Amino acid sequence: QVQLIESGGGLVQAGGSLRLSCAASGRTVSDLVMGWFRQAPGKEREFVAAIGRRTIFTGESVKGRFTISRDNAKNTVYLQMNNLKPEDTAVYYCAAKQTIVFITTPNYDFWGQGTQVTVSA
């Protein structure tokens, strides 16, 4: 069993930055595929980014602005979000899975509770 706890969300003006954290317990993040998804009201859950042992995947809508990274010593995954836009407003979820297949779909084994990110115009 893997427990994931997100933090770092909040309210920011357009053009600003936030860094989300996902602290994991129960398994080592370097042994898992760790992903970030987001869900805005009335919309489907959207893939943001994922990191495997040696590869990083980034969603098209955030490419060039968001960066996923991992700190093995802290067993934590981060999502650095720069140049935020109002359309980035959503609840952001951290997720984990054991196999590096279908990583852009919400087909993950474990999920955090989510953290709200609100970007004002």
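Here is a quick briefing on the salt bridges, the disulfide and a few individual residues in this structure. Keep in mind that the model is predicted. A search of the whole structure turns up 5 salt bridges, and the disulfide count comes to 1. Arg 38 and Asp 88 get most of the attention below, since they pair with each other in a salt bridge and both belong to a salt-bridge network along with Glu 46 and Arg 65.

**The salt-bridge network**

- Side chains of opposite charge can pair when their charged atoms come close.
- Four residues are linked here in a network of salt bridges: Arg 38, Glu 46, Arg 65 and Asp 88.
- Asp 88 pairs with Arg 38, with 2.8 Å between the closest N and O atoms. Arg 38 sits in strand β4 while Asp 88 is in the loop between β8 (76–81) and β9 (90–97), so this salt bridge ties together parts that are 50 residues apart in sequence.
- Asp 88 also forms a salt bridge with Arg 65, and there the closest N and O atoms are 2.7 Å apart. This pair, too, links distant parts of the chain: Asp 88 is in the loop between β8 and β9, Arg 65 is in the loop between β6 (56–58) and β7 (66–71), and the two are 23 residues apart.
- As for burial, Asp 88 counts as buried because its relative accessibility is 0%. Arg 65 also counts as buried, at 10% relative accessibility.

**Arg 38 up close**

- Arg 38 is found in strand β4, and its relative accessible area of 6% makes it buried.
- The Arg 38 side chain makes a polar contact with the side chain of Asp 88, at 2.8 Å.
- A further polar contact runs from the side chain of Arg 38 to the side chain of Tyr 92, at 2.9 Å.
- Leaving out residues up to four places away in sequence, Arg 38 touches a long list of residues, including Glu 44, Arg 45, Glu 46 and Val 48. Also among them are Ser 61, Val 62 and Phe 66, as well as Glu 87, Asp 88, Ala 90, Val 91 and Tyr 92.

**The Lys 63 and Glu 60 pair**

- Lys 63 forms a salt bridge with Glu 60, and the closest N and O atoms are 2.8 Å apart.
- Lys 63 counts as partly exposed, with 47% relative accessibility.
- Glu 60 has a relative accessible area of 64%, so it is exposed.

**The disulfide**

- Cys 22 and Cys 94 form a disulfide, with their sulfur atoms 2.0 Å apart.
- The torsion about the S-S bond is about -75 degrees, so the Cys 22 and Cys 94 disulfide is left-handed.
- The pair links distant parts of the chain, with Cys 22 in strand β3 (residues 18–25), Cys 94 in strand β9, and 72 residues separating them.
- Cys 22 is buried at 0% relative accessibility, and Cys 94 is buried with a relative accessible area of 0%.

**Glu 44, out in a loop**

- Glu 44 lies in the loop between β4 (33–39) and β5 (46–51).
- With 72% relative accessibility, Glu 44 counts as exposed.
- If you skip residues up to four places away in sequence, Glu 44 touches Arg 38 and Gln 39.
- The C-alpha atoms of Glu 44 and Ala 24 are separated by 25 Å, and these residues are 20 residues apart along the chain.

**Two asparagines with positive phi**

- Asn 75 has a phi near 50 degrees, which is a positive value in a residue other than glycine. You'll find Asn 75 in the loop between β7 and β8, where its 15% relative accessibility puts it in the buried class.
- Asn 83 has a phi near 50 degrees, again a positive value in a residue other than glycine. Asn 83 is in the loop between β8 and β9, and at 42% relative accessibility it counts as partly exposed.

Methods:
Residues are numbered from 1 along each chain as its sequence is written. This is a predicted model: local features need pLDDT of at least 70, side-chain atom pairs count only at pLDDT 80 or more; totals for chains, interfaces and linings use all residues. Side-chain values use heavy atoms; hydrogens and water are left out. Helices (H or I, at least four residues) and strands (E, at least two) are DSSP runs, numbered from the N terminus. Buried means under 20% relative accessible area, exposed over 50%, partly exposed in between (1.4 Å probe, protein chains only). Contact means heavy atoms within 4.5 Å. A salt bridge is a side-chain nitrogen of Lys or Arg within 4 Å of a carboxyl oxygen of Asp or Glu. A disulfide is a pair of cysteine sulfur atoms within 2.5 Å. A polar contact is a pair of N or O atoms within 3.5 Å; within protein, one must be able to donate a hydrogen and the other to accept it, and residues adjacent in sequence count only if both atoms are side-chain atoms.
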